[in-house]
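User: I would like to learn how to read a helix and a ligand shell. Can you take me through one case?

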Amino acid sequence: MEVQLREIRKHFGPVKANDGITLSVPAGSIQGILGENGAGKSTLMKILSGFQPADSGDIVLDGTLVQMRSPADAIRHGVGMLHQDPLDFPPMSVVDNLLIGAPGGVIPRRREAAAAIAGEARSLGLSIDLRAEVGSLTVGERQQLELLRLLWLGARVLILDEPTTGISAEQRAVLFSTLRRLAGQGKTVIFVSHKLEEVQDLCTRVAVLRQGRLVGAALPPFEVEGLVNMMFARQVSPGERMVCTPGEPMLRLSSLGVERGRIRLSGLDLDVRESETIGLAGMEGSGQSLLLRACAGLVPTVQGRIRLNNADLTGKPYRQFKKRGVAYVPASRLEEGLIPGLTLTEHFLLADRQGGVFIDREKGRRLAQSRIEEFNIRGTPANRVESLSGGNQQRALLALVKEKAKLLLLEHPTRGLDIESVIYLWGKLKERCLGGGAILFTSSDLDELLRYSDRILVFFSGRVSALLDAATTTVDELGQLIGGRGV
Ligand SMILES: Nc1ncnc2c1ncn2[C@@H]1O[C@H](COP(=O)(O)OP(=O)(O)O)[C@@H](O)[C@H]1O
Ligand SMILES: [Mg+2]
């Protein structure tokens, strides 16, 4: 199906999120939408998929002007969107989840639908257990599920908003080949990203947004420098490796064993020293997130000890870890980190709460304002967190980490951020290292792991490699270890 957007405008108060965008996407193409954080990509896609109305402008599908008043309207017209943070209903089984919103109700068509979906999944090369509980799926699996659901509902235009943040390289490869197949069938794929390599790899055309406007378009072969210039209107360079000299051991794990679901780690010894950054690499679900949670006291230890600055915290609750300077920042921003419905001010007030009864809103507002400036968050103290773009939510999460936190446990800290924000945030994080802080973080970005870690641990289905020196490890070596060779 051919998609035409004409003069789309959407303002949020003074912010011109979309400032007259006109774009045509032919059927069977994979259209990349590039742009830095806050460029207006998600806004445009939400308009096209009926999640929010435009202030003005037209949507034309295969030559016909259509009105999209809701996502249900959009899917009736064949337009479906996969969100940046996958929406779903965690306590349900996969197949029931798929049937929500399908015509005919859940029960009567369950078996028939399950067969149809399984067939669709197979033909796309996806393997998903339809009887599993959605809550037990990884972000990548939920995404495959959501894609199947949209196809099942009849989508002929598929919109994916930053779909590769938070999924493993392997899942990304599966996703890309699925999208290529769908485009081959004549479906229209719109792929929103700020990652140039992905757009180069996948897309058959690209449009670049900046500050709410369409500032450029390109066809393959894509020229990186030109695209970067369009995105940022200036050159960026990722900056030098920053080295902090490590100090005394801060966190000491000895023969640590933890278990959660199918994953178990055992006999893990690790010292994390002051000023040190340790990257945890591996496919999603290989144990790296489990280790982070164990170091925060969020999952029980089944074996071994956790010591922090000589205090034995084995078996102690998260509260105790927090009191001693541990901060844990999860990857799923709207599920665990931020509270939808609350404003930035309210978040800072909550984070700063000393246990008193009175809440000083004015103080909260000032605090929020200063952190917004410090972390370059595009938003105001009164903005609810869910109205911020994904990258700005991530900045807000990191801005909420207390100054006095000494050990930062960060799950995918730069997921969803554009290059500039990544550089900026790591600058901030490394300042903490210079001040004696230590960082343990997970990432599925090999360059990020190599550039910002001092040492790297690679996880492969619960097994852990020896500590690698990040300065002398290559992307290839790291990739091989992540794939299970040599761990
Ligand atoms: N619901 C909203 N309320 C207020 N401002 C918003 C809302 N949604 C988006 N914005 C603002 O519009 C601009 C574009 O945001 P968005 O479309 O999410 O950008 P992108 O997806 O390119 O990062 C940002 O400045 C963002 O803060
Ligand atoms: Mg976005």
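User: What is the sign of phi at Asn 376, which follows α13?

Analyst: The phi of Asn 376 is positive, near 55 degrees. Helices (H or I, at least four residues) and strands (E, at least two) are DSSP runs, numbered from the N terminus. This is a predicted model: local features need pLDDT of at least 70, side-chain atom pairs count only at pLDDT 80 or more, and totals for chains, interfaces and linings use all residues. Residues are numbered from 1 along each chain as written, while chains are lettered from A and ligands numbered from 1 in the order written.

User: Which residues of α13 are buried, and which are exposed?

Analyst: A residue is buried if 20 or more other C-beta atoms lie within 10 Å of its own, exposed if 12 or fewer, and partly exposed in between; C-beta atoms are placed from the backbone. In α13, Gly 364, Leu 367, Ala 368, Arg 371 and Ile 372 are buried. They sit on the same side of α13 because they cover an arc of only 135 degrees around the axis, taken from the directions from the helix axis to the C-beta atoms. On the other side, Glu 362, Glu 373 and Glu 374 are exposed.

User: Why would such spacing give one side?

Analyst: An α-helix has 3.6 residues a turn, so residues three or four places apart point the same way.

User: Which residues come nearest to ligand 1?

Analyst: Near means a C-beta atom, placed from the backbone, within 6 Å. Of 17 residues around ligand 1, Phe 12, Ala 17, Ser 42, Thr 43 and Ser 389 come nearest. Helix α1 gives the largest share of the shell, three residues.
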